[in-house]
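Here are my notes after a first look at this model. Have the structure open while you read.

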Amino acid sequence: MTAPTDNLRINGDRLWDSLMEMAKVGPGIAGGNNRQTLTDADAEGRDLFKSWCEAAGLTLGVDQMGTMFATRPGTDPNALPVYVGSHLDTQPTGGKYDGVLGVLSGLEVVRSMNDLGIRTRHPVVVTNWTNEEGARFAPAMLASGVFAGALTLDYAYERRDLEGKSFGDELKRIGWVGDEAVGARKMHAYIEYHIEQGPILEAEKKQIGVVTHCQGLWWLEVTLTGREAHTGSTPMNLRVNAGLAMARIFEMVQRVAMENQPGAVGGVGQVSFTPNSRNVLPGKVVFTIDIRSPDQAKLDGMRARIETEAAEIAAALGVGCSIEAVGHFDPVTFDPTLVSRVRSAAERLGYSHMNIISGAGHDACWAAKVAPTTMIMCPCVGGLSHNEAEEISPEWAAAGADVLLHAVLETAEIAG
Ligand SMILES: [Zn+2]
């Protein structure tokens, strides 16, 4: 298997034009996009993508989750396809590139292969996963989760939005229930290109993130039970102060995360105080600890320590403490062969690069359960994402797509 030569590049102008064209579908209110999953805007975006796929000579398959698979045939009828892609759905106040870059760069890769007259032994399939964002129907990465066998189709169809509409009904309404059984497709490899959604690549002045891992996470919901009492008339020694226990637990979470560097993070983003009144000590405090690490042993070790120490902190104050795990992903280690293929492609093309860990979840994290998988990242301005102001440069977009082209050509094997 020979590596593609460094003169093979995608068409950066065409990629950027397609990104701008797609961004007109489901415009936001501040220059970004609101193309939430299974809305009319989503249907419109799908139709546009479908028309581009057909113009590029691809054959479209759709599964029962509405995930779109656009195939460019290979020369070997027995060779499994190389999959690329990401998602076209956005947050309600989302950016123009989160997900979209991966799908349209996949399309640009096959357009470039068409231009260059390149055939590959393995087919190449451009994928648009349904409901990556999970903003309208939780959880995120719903279709890839069903594809990987981690979630069932029935469970997915029963997810409901805030208006009570179900995923299954809405998928039917927009006309995108496909006939393929979810997960029936077998993959030779899956390669997802995505914006970093963090500040590291820009700060380090690197064009390409070679993604080695996806972080695993635990969400721990902590319920502290104290005694509601007057903040003015209750002496300090007679208080059962759930709020104080919460504050000490926050400090402890910070310490545990810092003691697990490099790579581990931990914090609290959501708190509910009861009764949440200025002059009442809280009787009940509920909050969620979010801890993440690319290392399974570290992640589970952090969880065990936090549970033990939280119980000790609460007990010392006479506060009741119960902890429930309400969310979990295992860390993912991407396929070493694909990872080094991405790195040497960046090298060959003359792009600066560094290893990076995906801090957010992606469809690739589920795909890794069923196929050799990796990701490529490009920087985004200020690390800003899930925000209409999300921005990348045309040069950044093209560099990552060039690397994607090379990784695909090497994995799908140039024929003849
Ligand atoms: Zn995304």
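The points below take up the metal site, three helix pairs and two single residues.

1. **Status of the model.** Before anything else, keep in mind that this is a predicted model.

2. **The zinc site.** Three protein residues supply donors to the zinc ion: His87 through NE2, Asp98 through OD and His194 through NE2, at 2.0 to 2.2 Å from the metal. Written as a sequence pattern, the donor spacing is H-x10-D-x95-H. Histidine 87 sits in the loop between strand S3 (82-86) and helix H3 (100-116), while histidine 194 belongs to strand S5 (residues 189-195), so this pair ties together parts 107 residues apart in sequence.

3. **Burial of the two histidines.** Are these ligands buried or exposed? Histidine 87 has 0% relative accessibility and therefore counts as buried. Histidine 194 comes out at 1%, so it counts as buried too.

4. **H3 against H12.** Helix H3 packs on H12 at an angle of about 60°, and the axes are 9 Å apart. That angle makes the pair oblique, and the crossing is right-handed. From H3 the contact takes Leu101, Ser105, Gly106, Val109 and Met113; from H12 it takes Ala397, Ala401, Leu404, Leu405, Val408 and Leu409. Sorted by class, that is nine nonpolar residues, two polar and no charged.

5. **H10 against H12.** Which residues does H12 use for H10? First the geometry: H10 (residues 336-349) and H12 (residues 394-412) meet at about 125° with 9 Å between their axes, so they are oblique to each other. The crossing is right-handed. H12 contributes Asp402, Val403, His406, Ala407, Glu410 and Thr411, and the H10 side consists of Leu338, Arg341, Val342, Ala345, Ala346, Arg348 and Leu349. This contact holds seven nonpolar, two polar and four charged residues. It is worth reading beside the H3 contact, which has no charged residues.

6. **Glutamate 347.** This residue is also in helix H10. Its relative accessibility is 53%, so glutamate 347 counts as exposed. Between glutamate 347 and methionine 20 there are 29 Å from C-alpha to C-alpha, with the two residues 327 apart along the chain.

7. **H1 against H2.** Towards the start of the numbering, helix H1 (residues 12-23) packs with helix H2 (residues 40-55) at about 150°, their axes being 10 Å apart. Why call them roughly antiparallel? The cut-off for that label is over 145 degrees, so the pair qualifies. H1 and H2 cross in a right-handed sense. Ser18, Glu21 and Met22 are the H1 residues involved, and they meet Gly45, Leu48, Phe49 and Trp52 of H2. By class the contact has four nonpolar, two polar and one charged residues.

8. **Cysteine 214.** Look for this one in strand S6 (residues 208-214). With a relative accessible area of 0%, cysteine 214 is buried. Leaving aside residues up to four places away in sequence, cysteine 214 touches Pro294, Pro331, Val332, Phe334, Ser358, Ala360 and Cys365. Glycine 320 is 106 residues from cysteine 214 in sequence, and their C-alpha atoms are 35 Å apart.

Terms used. Residues are numbered from 1 along each chain as its sequence is written. This is a predicted model: local features need pLDDT of at least 70, side-chain atom pairs count only at pLDDT 80 or more; totals for chains, interfaces and linings use all residues. Side-chain values use heavy atoms; hydrogens and water are left out. Axes are lines fitted to C-alpha atoms, for helices over the stretch in contact, and angles run from 0 to 180 degrees between N-to-C directions. Helices (H or I, at least four residues) and strands (E, at least two) are DSSP runs, numbered from the N terminus. Angles under 35 degrees count as roughly parallel, over 145 as roughly antiparallel, 65 to 115 as roughly perpendicular and the rest as oblique. A crossing is left-handed if the near helix is turned anticlockwise from the far one by less than a right angle, and right-handed if clockwise. Contact means heavy atoms within 4.5 Å. Ala, Val, Leu, Ile, Met, Phe, Trp, Tyr, Cys and Pro count as nonpolar, Asp, Glu, Lys and Arg as charged, and the others, Gly among them, as polar. Donors are N, O and S atoms within 2.8 Å of the metal (3.2 Å for Na, K and Ca); water is not among the atoms, so sites may look incomplete. Buried means under 20% relative accessible area, exposed over 50%, partly exposed in between (1.4 Å probe, protein chains only).
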